[in-house]
Amino acid sequence: MLSITHNIYQSFDLNPSLETRGVFLDISKAFDRVWHDGVLFKLKSNGVSGKILSIIKSFLNNRYQRVVLNGQSSSWKSIEAGVPQGSILGPLLFLIYIKDISEKHESKVKLLADDTLLLKVILDSNASATTLNNDLEKIQRWAFQWKMSFNPDPTKQAQEIIYSKKLVAKNHPDLYFNQSKVKRVSAQKHLGLILDEKLNFNAHMKNTLDKVTKCIGILRKLRLYVPRHSLINMYKSFIPSQIEYVDVVYDQPRNVTFCDKIESIQYNAALAITGAVRGSSMEKLYQELGLEYLSARRWYKRLCLLHKVIYKTAPAYLQNIIPQPRHLLNIRNRHLIPDLFCRTLSFSNSFFPSMSGTNLKLDREITDIESFSRFRTLLVKSIKPIPNSIFGVCDPLGVQLLTRLRIGLSHLREHKFRHNFNDTDVPFCLCNLEIESVSHFYLRCPNYINQRSDLMNELSLLDPDFLHLDQHSLINLLLYGKKSFSDIQNTRILEISIQYIKDTKRFDCPLF
């Protein structure tokens with residue numbers, strides 16, 4: 001059966017329709033506790049011998065360490081356990097050393113780096129508890145035999161989660177490990193992904209939101225001191241990597257509330273970078289900065305993974321669980337995967353159902369491409385907007401005011417009326433001649449005659465033809481510059497425009 005986010009839950013043998021107990025054990029100082037004689041014995045047991053075994057033995061033996069503090073050194077001490085971290089052989093030797101921990105258990109045993117996970121489907125509460133307690137006792141004996149230690153610190157005791165979609169939780173017998181009661185928790189982090197008891201990733205998203213909110217606060221404080229391009233680079237360097245970590249796993253494309261919550265992260269970051277007012281159009285804000293919707297980025301990554309599955313460059317376990325249609329799978333066919341009946345929202349949000357049949361819409365130009373690199377390049381072009389440039393203008397406050405005019409939410413009464421500000425009952429300018437639009441503010445309002453005269457004089461010095469442009473073209477020039485002009489010309493145009501905005505003092509008062 002296909003379950004939610006196959007590539008993670010299948011590897012954990014979790015099924016949302018079945019109640020499952022999961023026990024998490026942590027090996028204390030895992031890499032430092034690999035017993036040298038023990039790992040050499042296990043290498044021999046796995047058929048390693050001769051020169052290879054001698055090389056590995058030489059790699060491990062004759063290692064010494066000492067402590068240096070304030071110029072004083074301790075005596076040298078021989079290292080009898082542990083594998084060198086950062087080496088190529090280190091992780092391999094560690095895996096060989098702990099591999100047999102998963103053998104001869106009635107419950108499912110999964111090894112996640114230095115963590116061990118025991119899983120048991122609950123068909124009978126007492127029977128499952130007995131099985132898990134027996135297996136935990138076997139692991140204790142294994143740890144004693146091979147000089148390893150699990151959860152020795154009382155503050156980091158063994159933990160368990162009961163994975164269940166049931167609304168009413170049942171009572172289950174307690175589990176014990178190292179003569180201590182296993183602590184029951186609602187969520188647990190593994191390899192950077194938080195698995196929660198309801199299998200909905202809400203805990204993972206809450207944790208992600210908490211982390212990136214602090215980063216966004218820093219961007220907001222730096223806005224008036226740092227150029228926009230630097231803020232955008234800071235955002236792209238630190239925040240998307242947090243949001244998009246394993247997003248193919250946790251994504252819920254048909255859950256609008258979930259998607260909106262994720263999108264709000266980037267929207268808040270865009271507000272922090274530009275100084276735009278909350279309520280500004282998300283589409284215009286993203287266009288201003290050249291940011292893709294996060295939902296579009298997740299769609300892009302899903303398509304890239306699907307392309308790999310179809311062309312058999314993805315891991316085998318993903319290829320093996322793909323539903324087989326009546327005809328051979330072909331990326332040229334718009335319906336790559338047959339429509340799947342989805343009884344629950346959870347199942348419909350999982351990878352293959354969400355990418356099946358009519359849910360996948362691509363232009364033929366893209367679907368006909370077998371090369372993954374070209375396929376990916378065309379997908380990026382289809383979702384990535386071209387940003388509106390500020391041509392290196394070094395005036396954070398002025399750029400902020402200009403951006404508000406570009407986006408359509410500023411002090412101007414037309415903007416405030418459109419967004420239902422309480423203090424703006426009508427969109428008309430205080431001069432009572434017409435609606436206070438951007439063009440009225442720049443070109444016609446009698447309150448700013450002197451400032452407008454300076455504006456036109458400066459423009460005429462740049463190019464006399466500017467004064468003969470129609471109003472629409474002139475406003476676009478003042479807001480965005482012109483692509484056919486040089487960067488130096490465009491920079492000067494935006495500086496003249498920003499100077500006019502400041503000289504009018506129209507935006508000096510509080511917006512609210």
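**Entry 1: the sheet**

I began with the open sheet, in which five strands stand in the order β6-β7-β1-β8-β11 and the pairing is mixed. I noted at once that the model is predicted, and I kept that in mind for every entry below. Which strands lie at the edges of the sheet? I found that β6 and β11, the latter covering residues 183-184, are the edge strands, since each of them pairs on one side only. I reminded myself that strands of a sheet pair through backbone hydrogen bonds, either parallel or antiparallel.

I then looked up two of the pairings one by one. Strand β1, residues 20-26, runs antiparallel to β8, and five bridges join the two; as one example, I wrote down that T20 has Y163 in β8 as its bridge partner. Next I asked which helix packs on the sheet. I found helix α5, residues 125-145, which touches β1 and β7 and whose direction makes about 155° with that of β7.

**Entry 2: the hairpin of β6 and β7**

I followed β6, residues 108-112, into β7, residues 115-121, and saw that these strands run antiparallel and are joined by five bridges. The bridge partner of L112 is D115 in β7. Two residues lie between the strands of this hairpin, and I noted that A113 takes a positive phi near 55° there.

**Entry 3: other positive phi values**

I looked for further cases like A113, bearing in mind that most residues other than glycine have a negative phi. F201 has a positive phi near 65°, and I located F201 in the loop between β13 and α6. N420 has a positive phi near 60°, and I located N420 in the loop between α19, residues 413-418, and α20, residues 438-444. Are these two loop residues buried or exposed? F201 has a relative accessible area of 2%, which means that F201 is buried, whereas N420 reaches 64% relative accessibility and therefore counts as exposed.

**Entry 4: the nonpolar cores**

I turned to the largest nonpolar core, which has 39 residues, and asked which of its members touch the most others. They are I239, I243 and I265. I listed the elements that each supply at least two residues of this core: β7, β8 (159-163), β13 (193-196), α6 (202-222), α7 (228-238), α9 (247-250), α10 (256-274) and α11 (282-289). Helix α10 gives the most to this core, with nine residues.

I looked more closely at I265, setting aside its neighbours within four places in sequence, and recorded contacts with M205, L209, V212, I216, I239 and I243. There is also a second, separate core of 33 residues, and its members include V438, F466, I498 and F507.

**Entry 5: α10 against α12**

I wanted to know how α10 sits against helix α12, residues 294-310, and found that their axes come within 9 Å and cross at roughly 110°. Angles from 65 to 115 degrees count as roughly perpendicular, so α10 is roughly perpendicular to α12. Where the helices meet, C259, I262, E263 and Q266 come from α10, while L294, S295 and R298 come from α12.

R298 turned up again when I checked D247, which lies in helix α9. Leaving aside the neighbours of D247 within four places in sequence, I found D247 in contact with R298 and K301. Is D247 buried or exposed? Its relative accessible area is 1%, so D247 is buried.

**Entry 6: K284 and R406**

I looked up K284, whose place is in helix α11. Its relative accessibility is 42%, so K284 counts as partly exposed, because the partly exposed class lies between the buried limit of 20% and the exposed limit of 50%. I also noted that K284 and R406 are 122 residues apart in sequence, while their C-alpha atoms are 8.3 Å apart in space.

**Entry 7: the whole protein**

I closed with the totals, and wrote down that the protein has 23 helices and 13 strands. How many of its residues are buried? Buried residues make up 46% of the 512 residues. About 27400 Å² of the protein is exposed, and carbon and sulfur atoms supply 54% of that area. Among contacts between residues at least 6 apart in sequence, 65% join residues at least 24 apart, and I put this beside the pair K284 and R406, 122 residues apart in sequence.

Definitions and conventions. Residues are numbered from 1 along each chain as its sequence is written. This is a predicted model: local features need pLDDT of at least 70, side-chain atom pairs count only at pLDDT 80 or more; totals for chains, interfaces and linings use all residues. Side-chain values use heavy atoms; hydrogens and water are left out. Two strands pair if DSSP finds at least two bridges between them. Helices (H or I, at least four residues) and strands (E, at least two) are DSSP runs, numbered from the N terminus. Buried means under 20% relative accessible area, exposed over 50%, partly exposed in between (1.4 Å probe, protein chains only). Contact means heavy atoms within 4.5 Å. Accessible areas come from the Shrake-Rupley method with a 1.4 Å probe; for residues, only the protein chains shown count as cover. A nonpolar core is a set of buried Ala, Val, Leu, Ile, Met, Phe, Trp, Tyr and Cys residues joined through side-chain atoms within 4.5 Å. Axes are lines fitted to C-alpha atoms, for helices over the stretch in contact, and angles run from 0 to 180 degrees between N-to-C directions. Angles under 35 degrees count as roughly parallel, over 145 as roughly antiparallel, 65 to 115 as roughly perpendicular and the rest as oblique.
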